Amino acid sequence: MQNRPTAAELLDAVKTFLNDSVKPELMDHTAFNMMVALKSLDIVQRELELGPEFADTERARLTDILGHDGKIGDLNAELNERLRAGTLCLDDPKVKAHLIETTKAKVQIDQPKYSGLRHAEEKTNT
Amino acid sequence: MTKINAFSQTLEAAVCRNISGVQKIKGLHRLSGGGSQETWCFDAVSASGKKKLILRRTPESVSGDTWVSIPLEVEAELITRAAKEGVPSPAIHYVLAPKDGAGSGFIVDFIEGETFVRRILRDDQYATAREKMIGQMGDALARIQKVDATNIADLPVLDASAQITRNKEIYREWDEAHPVLEATFVWLEANIPEIKPLVLVHGDFRNGNFIVGPEGIRAVIDWELAHLGDPAEDFGWTSINVWRFGADKPVGGLGEREDFYAAYEAAGGAPVDHTRTHFWEVFGCLKWAMLCRLMVTRYETGTDAGVEMAYIGRRMCEAEIDLLNLLT
């Protein structure tokens, strides 16, 4: 276990520094890249915060669908193989629910403002 | 001498030799980065004054991506032919030759206007443009499909099954698990529309690749993904959710599918088959996912190591959620 500050706190300090002290000094393409860099740090921050729980629930669903536990990467590869082989498909309610939940979780970390996430939530609720 | 000054001199020599009346060039600067195709802007100075021009260029050093863009000479030829059919296009002044030593590319008129979609969709000055663009897009697409491009040697021929095969090969090479893409390939293969005579497909026909003024579309640009293909392909691509930029209307955030199709049909396009455009909308989402992942490869291999390339990789989930919204 590392000492304080935590990874999230360090990240926060770096973001504040870049936002308040560096960004105002930049112009044109460098300013644009700084905006992209800050958005990238936001992704890292959300992944630190939400990633572990999302990965746990993803793994639990995969275990249920495939009938055995394993490392999340291996389980995903197996799901992929079975979709390719046609022994599992998108029409399977468990597979469908799993892919929707997993993808919604990904979007929540990577692009939480993306309209497709809202569309997916509206769909789930109807 | 700096690199840009050296390039400016090389370009100046080529321009003065080949565009009549030009005596020198001034103010050469690069407009956009990203990918293998560069866009530069400069003033061509002649006795009668100066004229702003655009250079689209690929440096000699660029190695091929897995996603192949057409040669710029072909792009220039397509723009010329499209303009003849009435597609809003910039006039082409010169296509670079190997002897110019300036890479490959072409020089066109600079067209004043906006391409940044968020401004087009929200700024008051584009209110009229927003009303007109759907009709103009339908009209332009019908005209693009009238272009006879069958005798252009370097133009790829990619019908639906060739597109799927090509993308699947690239996908398999990554050797990564993407269950949503896997399920999409299965769906696409089961839903390939019957073959129709192939037409010129722009390949990136969408809000963002139109230069827009307050009155609407002034030019259709960025032909690098053009090919001969299915007449419904551009319809699907232009309607995917990502090109709505958060707005609700399905076609580029600008309007309804029916109005887009009606304008296309009014300009001589054949009746639009909705099942077919749905297929290409699904394919379009897959293509967006593939393009996002390609940027990660560009970042990894150092072709373009900017933070923007790395970041775009994390936009792949947009295509995945859209695919699930379309397929479930």
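This report walks through the chain A–chain B interface and three helix pairs in a predicted model.

## The interface as a whole

Let's start with the totals. Chain B puts 28 residues into the contact, and chain A puts in 33. Together the two chains bury about 2800 Å² between them, with carbon and sulfur atoms giving 60% of that area. On the chain B side, the residues that lose the most area to chain A are B:Tyr311, B:Arg314 and B:Ile321, and this trio makes up 24% of what that side buries.

As for charge pairing, the count between chain B and chain A comes to four salt bridges. One between the two chains joins the side chains of A:Arg84 and B:Glu182, at 3.3 Å from N to O.

## A helix pair across the interface

That salt bridge leads straight to a pair of helices, since A:Arg84 of α3(A) and B:Glu182 of α6(B) are both among the residues where these helices meet. Helix α3 of chain A covers residues 72-85 and helix α6 of chain B covers residues 179-190; their axes sit 9 Å apart at an angle of about 0°. Angles under 35 degrees count as roughly parallel, so α3(A) is roughly parallel to α6(B).

From α3(A), the contact draws on A:Asn76, A:Leu79, A:Asn80, A:Leu83 and A:Arg84, while α6(B) offers B:Pro179, B:Glu182, B:Ala183 and B:Val186. Sorted by class, that's five nonpolar, two polar and two charged residues.

## Inside chain B: α4 and α8

Now for a pair within one chain. In chain B, helix α4 (residues 127-144) and helix α8 (residues 257-266) have axes that come within 7 Å and cross at roughly 45°. The two helices are therefore oblique to each other, and α4(B) passes α8(B) in a right-handed crossing.

On the α4(B) side, the residues involved are B:Ile134, B:Gly135, B:Met137, B:Gly138, B:Asp139, B:Leu141 and B:Ala142; they meet B:Asp259, B:Phe260, B:Ala263 and B:Tyr264 of α8(B). The class split here is seven nonpolar, two polar and two charged residues.

## Inside chain A: α4 and α5

Chain A has its own pair to look at. Helix α4 (residues 93-110) packs against helix α5 (residues 115-125) at an angle of about 145°, and the axes are 10 Å apart. The crossing of α4(A) past α5(A) is left-handed.

Here α4(A) uses A:Lys104, A:Val107 and A:Gln108, and α5(A) answers with A:Leu117, A:Ala120, A:Glu121 and A:Thr124. By class, the α4(A)–α5(A) contact has three nonpolar, two polar and two charged residues.

Methods. Residues numbered from 1 in each chain as written. Chains lettered and ligands numbered in written order. Predicted model: local features only at pLDDT ≥ 70, side-chain atom pairs only at ≥ 80, totals over all residues. Heavy atoms only, no water. Axes fitted to C-alpha atoms, helices over the stretch in contact; angles between N-to-C directions. Helix = DSSP H or I, 4+ residues; strand = E, 2+ residues; numbered from the N terminus. Parallel < 35°, antiparallel > 145°, perpendicular 65-115°, else oblique. Left-handed = near helix turned anticlockwise from the far one by under 90°. Contact = heavy atoms within 4.5 Å. Nonpolar A, V, L, I, M, F, W, Y, C, P; charged D, E, K, R; others polar. Buried area = accessible area lost by both parts, 1.4 Å probe.
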